[in-house]
Amino acid sequence: MSSAKRSTVTLHVVSSLDGFIASKDNSISWMDSPGDIYEKGVTDDGAEVLQSIDCYVLGSRTYEHALQLGWPYGDTPTLVLTNRKLPSSRNTVEFYSGDLKKLVGEILAPRFKNIWMVGGAMLAQSFLRLGLVDEIRLMIAPALLGDGLHLFGNSGTEQRWNLKNVVAYKNGYVELSYSRPSTSP
Ligand SMILES: NC(=O)c1ccc[n+]([C@@H]2O[C@H](COP(=O)([O-])OP(=O)(O)OC[C@H]3O[C@@H](n4cnc5c(N)ncnc54)[C@H](OP(=O)(O)O)[C@@H]3O)[C@@H](O)[C@H]2O)c1
C-alpha cells in the first residue's frame, strides 16, 4: 500500500445549527458554551483527539484569523494555503500554493498520517470537490447565526457519506462523524 493510502484527511469545523462557520462580523462569541448543561451529554475528550493529529491544513484567511485570536494549533506542523507572500509566524508553519491533489498525495501523505483540514469554507469546498476528504467531523454549536459564511455553499454535486459516530457533549455541542464511502471519488 502506498503512503498516500495510509494517511487520512479529516475535515473538522465548528458549524452553527444553520450551517455557518463564521458570523458576518467574524466574531466567535457564538461558539461560547451556553450556561445550560445538557444532562445526557458527555464531558469533552478533546485533548486525546488533539494529540493524535499529525498535521493541520488551513486557508490563509483562517490562518490570519487564528493569529489574531491566539494560535490554537500548538506545535503541530501546520500548512497554510496562500498565493500571497505571508510573513512566517512560527517555525511549525509552511506555506503552499497550487494543486491540492499534489499537496495531499505528494507532500503531506508521505510525511503525515492523520491530516486535519480545518477550514475555512473556501478550502473545505475545494477539498470536497476534489474528493480529498476521507472523514468529516462536524461539530454543531447550539446557535442559529442567521447570516455569515456557509460551510458547504453550492457544490453542485450530490455526495453520500456514511455516519460513523455521534457524540453529544454536556455543553450542548454535537459532533457528527462521517466517512466517505469507498465508491466515492
Ligand atoms: N467555525 C470553524 O470551525 C472555522 C474553521 C475555519 C475557519 N473559520 C472561519 O472562516 C473564515 C475563513 O474562511 P474562508 O472560506 O473565507 O477562507 P479560507 O478557506 O480560510 O482561505 C481562503 C484562502 O486560501 C488560499 N487558498 C485556497 N486554495 C488555495 C490554493 N490551491 N493555492 C493557494 N492558496 C489557496 C487563498 O489565499 P490567498 O488569498 O492568500 O491567496 C484563499 O483566499 C474565517 O472567518 C475563519 O475564522 C471557521
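Strands are DSSP runs of E with at least two residues, numbered from the N terminus. The views below show a predicted model.

**View 1. Ile115 in strand 6.** Ile115 is part of strand 6. Its relative accessible area is 1%, and because buried means under 20%, Ile115 counts as buried. Leaving out residues up to four places away in sequence, Ile115 touches Ser7, Thr8, Val9 and Thr10, and also Cys55, Val57, Leu108 and Ala109. Gly35 lies 80 residues from Ile115 in sequence, and the C-alpha atoms of the two are 33 Å apart in space.

**View 2. The open sheet of eight strands.** The strand order in this sheet is 5-4-3-6-1-7-10-9, and the pairing is mixed. Strand 5 (93-96) and strand 9 are the edge strands, each of them pairing on one side only. On average, neighbouring strands of the sheet are turned by 20 degrees against each other, with direction ignored. Helix 3 (residues 60-69) packs on the sheet, where it touches strand 3, strand 4 and strand 5. The direction of helix 3 makes about 105 degrees with that of strand 3. Helix 5 also packs on the sheet, touching strand 1, strand 3, strand 4, strand 6 and strand 7. For helix 5, the angle to the direction of strand 3 is about 110 degrees.

**View 3. The hairpin of strand 9 and strand 10.** Strand 9 (residues 162-168) pairs with strand 10 (residues 174-179) in the antiparallel sense, over six bridges. Val167 stands opposite Glu175 of strand 10, and Leu163 stands opposite Tyr178 of strand 10. Five residues lie between the two strands of the hairpin. In the turn, Gly172 has a positive phi of about 95 degrees.

**View 4. The contact of helix 4 with helix 5.** Helix 4 (residues 100-108) packs against helix 5 (residues 121-129) at an angle of about 75 degrees, and the axes are 10 Å apart. The two helices are therefore roughly perpendicular. On the side of helix 4 the contact is made by Leu100, Leu103 and Val104, which meet Leu123, Ser126 and Phe127 of helix 5. Five residues of this contact are nonpolar, one is polar and none is charged.

**View 5. Helix 5 and the residue after it.** Ala121, Leu123, Ala124, Ser126, Phe127 and Leu128 are the buried residues of helix 5. Gly131, which follows helix 5, has a positive phi near 70 degrees.

**View 6. The nonpolar cores.** The largest nonpolar core has 29 residues. Leu11, Val57, Leu81, Leu103, Leu108, Met117 and Phe127 have the most contacts inside this core. Two or more residues come from each of strand 1 (8-16), strand 3 (55-59), strand 4 (78-81), helix 4, strand 6 (114-117), helix 5 and strand 7 (135-141). Helix 5 gives the most, with five residues. Apart from neighbours within four places in sequence, Leu103 is in contact with Val57, Leu79, Leu81, Tyr96, Leu108 and Phe127. A second core of 13 residues is separate from the largest one, and Ile53, Tyr56, Leu58 and Val93 are among its members.

How values were computed: Residues are numbered from 1 along each chain as its sequence is written. This is a predicted model: local features need pLDDT of at least 70, side-chain atom pairs count only at pLDDT 80 or more; totals for chains, interfaces and linings use all residues. Side-chain values use heavy atoms; hydrogens and water are left out. Axes are lines fitted to C-alpha atoms, for helices over the stretch in contact, and angles run from 0 to 180 degrees between N-to-C directions. Helices (H or I, at least four residues) and strands (E, at least two) are DSSP runs, numbered from the N terminus. Angles under 35 degrees count as roughly parallel, over 145 as roughly antiparallel, 65 to 115 as roughly perpendicular and the rest as oblique. Contact means heavy atoms within 4.5 Å. Ala, Val, Leu, Ile, Met, Phe, Trp, Tyr, Cys and Pro count as nonpolar, Asp, Glu, Lys and Arg as charged, and the others, Gly among them, as polar. A nonpolar core is a set of buried Ala, Val, Leu, Ile, Met, Phe, Trp, Tyr and Cys residues joined through side-chain atoms within 4.5 Å. Buried means under 20% relative accessible area, exposed over 50%, partly exposed in between (1.4 Å probe, protein chains only). Two strands pair if DSSP finds at least two bridges between them.
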